[in-house]
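Visitor: I am new to protein structures. Could you walk me through this one, step by step?

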Amino acid sequence: MSFGHRVHALPELAEPASNPGDVVLRVELLRVEPVIWRRIRVGHDLRLPDLHKTLNAAMGWLDCHLHSFRVGDNAPFLTNIDLIESSEPGIHEAPYELARCCDQLATS
């Protein structure tokens, strides 16, 4: 059974960050056995909408589902669709860079 064609080449595993502007992320799917994970290296200035695209490429996904980012117990970052269709409180994700989110996590 085929569910479509892979649109992105599988990424190589990132080496530990060597550029001070890089962030190495371990992305792990929750509640899945066996554990499925990827290690990716991205720039600290990557904006959250672009992180979503990067995660889709790293996991071989086709961008068919909504996403949500949250730092600790803080309110979630909201996508454009969330802003239109949801009344959930949160922060618009578009202007936020990964480094700023990591700073919030370190201080929360």
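Visitor: In which sense do β1 and strand β2 pair?

Guide: This is a predicted model, so the answer rests on a prediction. Strand β2 covers residues 37–43, and 7 bridges join β1 to β2. One of the pairings links L25 to its bridge partner in β2, I40. The sense of the pairing between β1 and β2 is antiparallel.

Visitor: Which residues of β1 point to one face and are buried?

Guide: In a regular strand the side chains alternate between the two faces of the sheet. Along β1 they do alternate. D22, V24, R26 and E28 point to one face and are not buried. The buried residues, pointing to the other face, are V23, L25 and V27.

Visitor: In what order do the elements of the protein chain run?

Guide: Start with the tally: the protein chain has 3 helices and 4 strands. Then read from the N terminus on. The order is β-β-α-β-α-β-α.

Visitor: What share of the residues in the protein chain is buried?

Guide: Buried means under 20% relative accessible area. The protein chain has 108 residues to sort by that cut-off. The buried share is 26%.

Visitor: Which element gives the largest share of the lining of the largest pocket?

Guide: The largest pocket has a volume of about 460 Å³. Two elements give two or more residues to its lining: β1 (22–28) and α1 (48–59). The largest share is 4 residues, and it comes from α1.

Visitor: How many of the residues in the lining of the largest pocket are nonpolar?

Guide: The largest pocket is lined by 17 residues. L29, L55, W61, L66 and H67 lie nearest its centre. In the lining, 5 residues are polar and 2 are charged. The nonpolar count is 10.

Visitor: Does L66 count as buried or exposed?

Guide: First, place it: L66 is in the loop between α1 and β3 (77–78). Exposed means over 50% relative accessible area. L66 has 63% relative accessibility, so L66 counts as exposed.

Visitor: How far apart in space are L66 and H52, C-alpha to C-alpha?

Guide: In sequence, L66 and H52 are 14 residues apart. In space, the C-alpha to C-alpha distance between L66 and H52 is 9.4 Å.

Visitor: What share of the area the protein chain exposes do carbon and sulfur atoms supply?

Guide: The protein chain exposes about 7,900 Å². Carbon and sulfur atoms supply a share of that area, and the share is 54%.

Methods:
Residues are numbered from 1 along each chain as its sequence is written. This is a predicted model: local features need pLDDT of at least 70, side-chain atom pairs count only at pLDDT 80 or more; totals for chains, interfaces and linings use all residues. Side-chain values use heavy atoms; hydrogens and water are left out. Buried means under 20% relative accessible area, exposed over 50%, partly exposed in between (1.4 Å probe, protein chains only). Accessible areas come from the Shrake-Rupley method with a 1.4 Å probe; for residues, only the protein chains shown count as cover. On a 1 Å grid over the protein atoms alone, a cavity is a set of points where a 1.4 Å probe fits but cannot get out, and a pocket is an open set with protein on both sides within 12 Å along at least five of seven lines; lining residues have an atom within 4 Å of a point. Grid points are joined across faces, edges and corners, and a volume is the space filled by probe spheres set on the points. Ala, Val, Leu, Ile, Met, Phe, Trp, Tyr, Cys and Pro count as nonpolar, Asp, Glu, Lys and Arg as charged, and the others, Gly among them, as polar. Two strands pair if DSSP finds at least two bridges between them.
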